Amino acid sequence: MDQHVLHWADETAAKILSEKGEKDCYVCASGITPSGTVHIGNFREIISVDLVARALADKGKKLRFIYSWDDYDVFRKVPANMPHAAELQKYLRFPITLVPDPWERDSSYARHHEVDVETVLPAVGIHPEYLYQAERYRSAMYGAGVRVALEKRALLKEILNEFRDEDHKMEADYWPITVFCGKCNRDTTEIDDWDGEWGLSYHCNCGQIETVDLRESNGVKLLWRIDWPMRWKQEQVDFEPAGKDHHSPGGSFDTARRVSREVYGYEPPVTFRYDFIGTKGLPGKMSSSSGNVIDLATVLQVYTPEIVRFLFAGTRPNTEFTISFDLDVIKIYEDYDRVERIAWKADPAKDESTYQKARRIYELSQVERVPDHMPYQVPFRHLCNLLQIADGNIEKTIAGLTDLAPEQIPGIRARCVCAVRWIADYAPEEFRFKLRPVGEKCDLGEQETHAIQLLRDTIVVSIDQYPDDKSCAAALYRIAEEAGIEGKELFRVVYQALIGKDQGPRLANFLRSINRDRLLGILERY
Ligand SMILES: [Zn+2]
């Protein structure tokens, strides 16, 4: 049995090989218009292609993973919450590659969004070959492809009209192109004539009248539904997924498929539909209702790169799922750790196929490749407690971990960085705590003070002697009895003495996680 056949990325790779036949190189494509923040839903397309590309590579195939920046698209409207909105307004109808960067960091509005993505993708092990469509169009690279569309514009009109209702048919003088004016840069132009070869005439609202040569640098661009299949042929694309919006019946993928076959004579790529991604548990100022968009960089604040990959590798693309920023973060880390233990055979799998599947998901979740040794595991919840006990000091926390091999440290450090960020910015308030400094005393009644004294003088002094949390918890209940208070009340008093709150991490485990002398110091004044 092919051990890879179980994963959806491997299924897709097998489909590409069977539909496209033997090739020297397979081309996997993805792309987007950088007209705004590339959000985590858009990232699903990028990582879907990466996973399929890895599956092809694992079958010994050569491939190109191309990512198209559609930065020759028009700037239609100024998005909400933009700096320098009034200035941006002046660039409406320009190609986005010619709109200035309102944050004044990059060479253009489009470039700004491109840089944001290109900077972060290597962190999750994704290294596509970027194709910049403005540059390609403006160098007349697509001159021949544009001419084909002009030659077959009657057929194009027919194809597009099939998917349109009576009220929205293309007009008689349909042109499959748009032209950015050579004088004012806007697409406020109308086509006047095409000479049947390379000459195209247009006029613009600004008064410009011009005839351009399709073989030379010009402002001509194909409309989206034609542009996409033209580029499939140009790049010989074998695989490209698309979102729900493009994959609806009569949507752009359906028309692109027909245009590809009938106009460009190219068999369209293998595809699948990927679903939307939701987010939950974001603090108010970051929620989507505030107009905020969650991108990969934000998700990487909370999840390590392996876990980000795991979220997508472990879910079929046509399944909608939610990325959590609330307490469920703990569960996601636990899920990943469980798959890791099965993949390393540290935990038994239910059966061989469960093992193979876990192993494959685990492999695809790695940023580069599976490490030589099993990574050190410390449950995320416990790690959060350790970090807070250490007042957020990551190196101190790592130093306190036993049996940690040097090669395991970078992985734990990355997990600590996420945990610290999560606690500070996303965790619910009841999850956060800070140990009281030595010498700070809270007001307690006589009976409560007595309970704390008992705790200090019997349990804390010999805290290192308890072999597990259970035996320590039993000792806590004995103390409560001796002090004549309810167990629940004892816990509340101890949390008050240690962290100034009524609740906290599970007490026995919490006490055993804190250094004995530090505990004695905090409790010495009672
Ligand atoms: Zn003009």
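These are my notebook entries on the salt bridges, the zinc site, the cysteines and one small sheet of this predicted model.

**Entry 1: salt bridges**

I started with the total, and the count comes to 49 salt bridges. I then picked a few pairs to look at one by one.

First up was Arg360 with Asp10, whose side chains meet in a salt bridge at 2.8 Å, N to O. Arg360 sits in helix 13 (residues 352–365) and Asp10 in helix 1 (residues 8–20), so this pair ties together parts that are 350 residues apart in sequence. I checked accessibility too: Arg360 and Asp10 are both buried.

Which other residues belong to the network around this pair? I found Asp10, Asp58, Arg359, Arg360 and Glu363 linked by salt bridges.

Next I looked up Arg415 and Asp337, which also form a salt bridge, again 2.8 Å from N to O. Here Arg415 belongs to helix 16 (residues 409–425) and Asp337 to helix 12 (residues 328–343), so the contact ties together parts 78 residues apart in sequence. Both Arg415 and Asp337 come out buried.

For a local case I took Arg147 and Glu151, with their closest N and O atoms 2.9 Å apart in a salt bridge. Both residues are in helix 6 (residues 143–151), four residues apart, which is about one turn of the helix. Glu151 is partly exposed, at a relative accessible area of 43%.

**Entry 2: the zinc ion**

Which atoms hold the zinc ion? I get four SG donors at 2.3 Å, from Cys181, Cys184, Cys204 and Cys206. What geometry do they make? The site is tetrahedral, with angles of 105 to 116 degrees among the four donor atoms.

I wrote down the sequence spacing of the donor residues as C-x2-C-x19-C-x1-C. Cys184 lies in the loop between strand 4 (177–179) and strand 5 (189–194), while Cys204 lies in strand 6 (residues 199–204), so these two tie together parts that are 20 residues apart in sequence.

Are these donors buried or exposed? Cys184 counts as buried at 14% relative accessibility, and Cys204 is buried as well, at 5%. Cys206, by contrast, is partly exposed, with a relative accessible area of 32%.

**Entry 3: disulfides**

With the zinc cysteines noted, I went through the whole structure for disulfides and found zero. I took Cys25 as a check: Cys25 is in no disulfide, and the nearest cysteine sulfur, that of Cys28, is 8.7 Å away. The cut-off for a disulfide is 2.5 Å between the sulfur atoms, so this pair does not qualify. Cys25 is partly exposed, with a relative accessible area of 26%.

**Entry 4: the sheet with strand 6**

Since Cys204 is in strand 6, I followed that strand into its sheet. The sheet is open, has three strands in the order 5-6-7, and pairs them antiparallel. Strand 5 and strand 7 (209–213) are at the edges with a single partner strand each, so one side of each is left without a neighbour in the sheet. Neighbouring strands are turned by 30 degrees against each other on average, direction ignored.

How many bridges join strand 5 to strand 6? I count five, with the two strands running antiparallel. For a single residue pair, I noted that Ile191 has Tyr202 in strand 6 as its bridge partner.

Notes:
Residues numbered from 1 in each chain as written. Predicted model: local features only at pLDDT ≥ 70, side-chain atom pairs only at ≥ 80, totals over all residues. Heavy atoms only, no water. Salt bridge = Lys/Arg side-chain N within 4 Å of Asp/Glu carboxyl O. Buried < 20%, exposed > 50% of the residue type's maximum accessible area, 1.4 Å probe, protein only. Donors = N, O, S within 2.8 Å, 3.2 Å for Na, K, Ca; no water. Tetrahedral: all angles 85-135°; square planar, octahedral: opposite > 155°, others 65-115°. Pairing = 2+ DSSP bridges. Axes fitted to C-alpha atoms, helices over the stretch in contact; angles between N-to-C directions.
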